[in-house]
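Me: I have a model open and some labels I'd like justified. Can we go through them one by one?

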Amino acid sequence: MRRFTVYDTLSRETRLFVPLVPPKVGLFVCGLTPYDDAHIGHGRIGVVFDSVARALTRWGYRPFYVQNVTNIDDRLIARGAESGTNPLVLADRHFLAWTLAMRELGVTSVNYYPHATDFIPEIVHQIQSLVERGFAYPASGSVYYEVAKFDRYGRLSGQKVEELRPGSRADVEPGKRAPEDFVLWKAARPGEPSWDSPWGPGRPGWHIEDTAITVRLFGPRYDIHGGGLDLKFPHHEAEIAQAEAATGEAPLVNFWMHAGLVSIAGEKMSKSLGNSVLLQDGIGTFGPMAVRFYYLNAHYRSPLDFVGGKSLEEAKVAYERLAGPFDRISEILARDGLERSGRDLPPDAARAASSCVEKLDEAMATDFNTREAIALLFGWSKAMADWIPHVESLSGSALAALGAPYRWGHEVLGLFRTDDSLPGGELLGRVVAVALEARARARARGDFAEADRIRDALGLAGLAIEDEGDRSRWHARAGNPE
RNA sequence: GCCGAGGUGGCAGAAUGGUUAAUGCGACGGACUGCAGAUCCGUUUCCUGGGGGUUCGAUUCCCUCCCUCGGCUCCA
């Protein structure tokens, strides 16, 4: 297991990671409330922690990555009422869209997406423990957490309870003993989905599902908790208060990882502010790899400002350039296989490749510095410029050696996918070859008007044609004209 | 008001108590090309919010001020 460091938000320092039970790593990331389509900001969380889990796996750890789904809450109920849809159905629908987007983005590391409503017994049980231990009190069918009873409350966020501004953004609910108390169980109002409990029909409060799930899946303590910076207070603070009070064990989490938010025009991207750009639109317009690259091109803790279409356009251009040499290598290897004969690599080039991979691991092992890793990959692509002109003369194993840093990028960053083949696959390739053959003949006899006509026609069909000497290569232009 | 995260070139965005502060985008010039495209080479020597301090040396550590964003019980 490789040693690596992580910045822990609770201790406010970058520390050496030590798993509780090596090589296992319990990784919980605050998931989504699928009441609406996901936007670019949500996607960042998905991709960032996917790369974390990928790195852990590469380094010999065995992460168990759980991302919860809050499929019942106020907004879902409100949206459901607006459209006459059962909120649980609404949640399923948006969750399905989320998983499809994640698949496109290459998010492969999540092991389990527990839904809040599948953990009602665990939730009720945890609330009961809190009541029995004197940390929570029932009031008219609801149950509240009494913040004053938990003296570590505020440690994660640095807040002092007496400095909070109660009700600054939401109304203080009646029935609480103190404004900072938060709801664990919400009494059902007529027509709302509800579950039975010792306090009457109701549903879970916002924070309780996470700790009910993690205590069940990981036990009272686990390794890493991730989420957006905006969840630090109150949500993560509440998680600590709930779990540590309910189980009597601490700390709940050894490493808190908070990802920076995506802003747009300087403001947080948020559904409620109405400034969000939909994740699926970004993926559809610029392609999933451009979106993934965009996220990983900044350190996960940094704020990231989304500038209209420009950010993703820029990411797409940069990514495609980065992937250029990789595409050439994989093209040849796909055609001829690893056994293809040819020149071998001089030892210093082979050493450079493996040293590049080592540096990549080092960058990632320093608080998951994906930006540094990408800079290294650009350096490698630049070094590849010496090889690209005679890449056709290299042996399969030489090509594989040159491809090692890209394979790292694929494994850890989830970039350099080769499965972006067009619908039509091989058949399309054969048809395009016929057109390119006709064009090659036109060029050979100097009929450039005809050659350009064919190139333009293929261009309209969505294919880019690039000449290299008398050979032509083609690829689908991103953006998929249809 | 309190808490937190930030402020780096035209833009995006890293890093570090010490030779020219990554990398990418953009721009400009050139090579290659029938023309493009892609690619390559070169240039973009004057970029670390302001002011103090510690130090031989600060963008980095300390103090202070300014600004932006986030949170203060809906939020990734």
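Me: What makes R58 and D361 a salt bridge?

Reply: The definition asks for a side-chain nitrogen of Lys or Arg within 4 Å of a carboxyl oxygen of Asp or Glu. The side chains of R58 and D361 meet at 2.8 Å, N to O, so the pair satisfies that cut-off. Bear in mind that this is a predicted model, where local features need pLDDT of at least 70 and side-chain atom pairs count only at pLDDT 80 or more, while totals for chains, interfaces and linings use all residues. Side-chain values use heavy atoms, with hydrogens and water left out, and residues are numbered from 1 along each chain as its sequence is written.

Me: How many salt bridges are there between domain 1 and domain 2?

Reply: The count there is 2, and the structure holds 32. As for the domains, chain A is divided into domain 1 (5–259), domain 2 (323–413) and domain 3 (425–476), with bounds from an automatic or database domain assignment.

Me: How do you know that domain 1 and domain 2 are in contact?

Reply: Contact means heavy atoms within 4.5 Å, and 10 residues of domain 1 are in contact with 12 residues of domain 2. The two bury about 1,100 Å² between them, 54% of it on carbon and sulfur atoms. Buried area is the accessible area (1.4 Å probe) that two parts lose on being put together, summed over both. R54, R58 and W59 supply 51% of the area that domain 1 buries against domain 2, more than any other three residues.

Me: Which helix gives the most to the side of domain 1 that touches domain 2?

Reply: Let's start with the polar contacts: 9 residue pairs across that interface, both residues at pLDDT 80 or more. A polar contact is a pair of N or O atoms within 3.5 Å; within protein, one must be able to donate a hydrogen and the other to accept it, and residues adjacent in sequence count only if both atoms are side-chain atoms. On the domain 1 side, strand 1 (5–8) and helix 1 (40–58) are the elements giving two or more residues. Helix 1 gives the most, with 5 residues. Helices (H or I, at least four residues) and strands (E, at least two) are DSSP runs, numbered from the N terminus.

Me: What else does R54 do?

Reply: R54 forms a salt bridge with D50, the closest N and O atoms being 2.7 Å apart. Both lie in helix 1, 4 residues apart, about one turn of the helix.

Me: Why are strand 12 and strand 13 called edges?

Reply: They belong to an open sheet of 3 strands with the order 12-11-13 and mixed pairing. Strand 12 (267–268) and strand 13 (304–306) each have a single partner strand, so one side of each is left without a neighbour in the sheet. Two strands pair if DSSP finds at least two bridges between them; strand 11 (residues 262–264) and strand 13 run parallel, joined by 3 bridges.

Me: What makes strand 14 and strand 15 a pair?

Reply: Strand 14 (residues 463–468) and strand 15 (residues 471–476) are joined by 6 bridges and run antiparallel, so they meet the at-least-two rule. They form a hairpin with 2 residues between them, and G469 in the turn has a positive phi of about 60°.

Me: What is unusual about D367 and the F233 to P234 bond?

Reply: Most residues other than glycine have a negative phi, and most peptide bonds are trans. D367 has a positive phi of about 50° although it is not a glycine. The bond joining F233 and P234 is cis, with omega about 0°.

Conventions:
Chains are lettered from A and ligands numbered from 1 in the order in which they are written.
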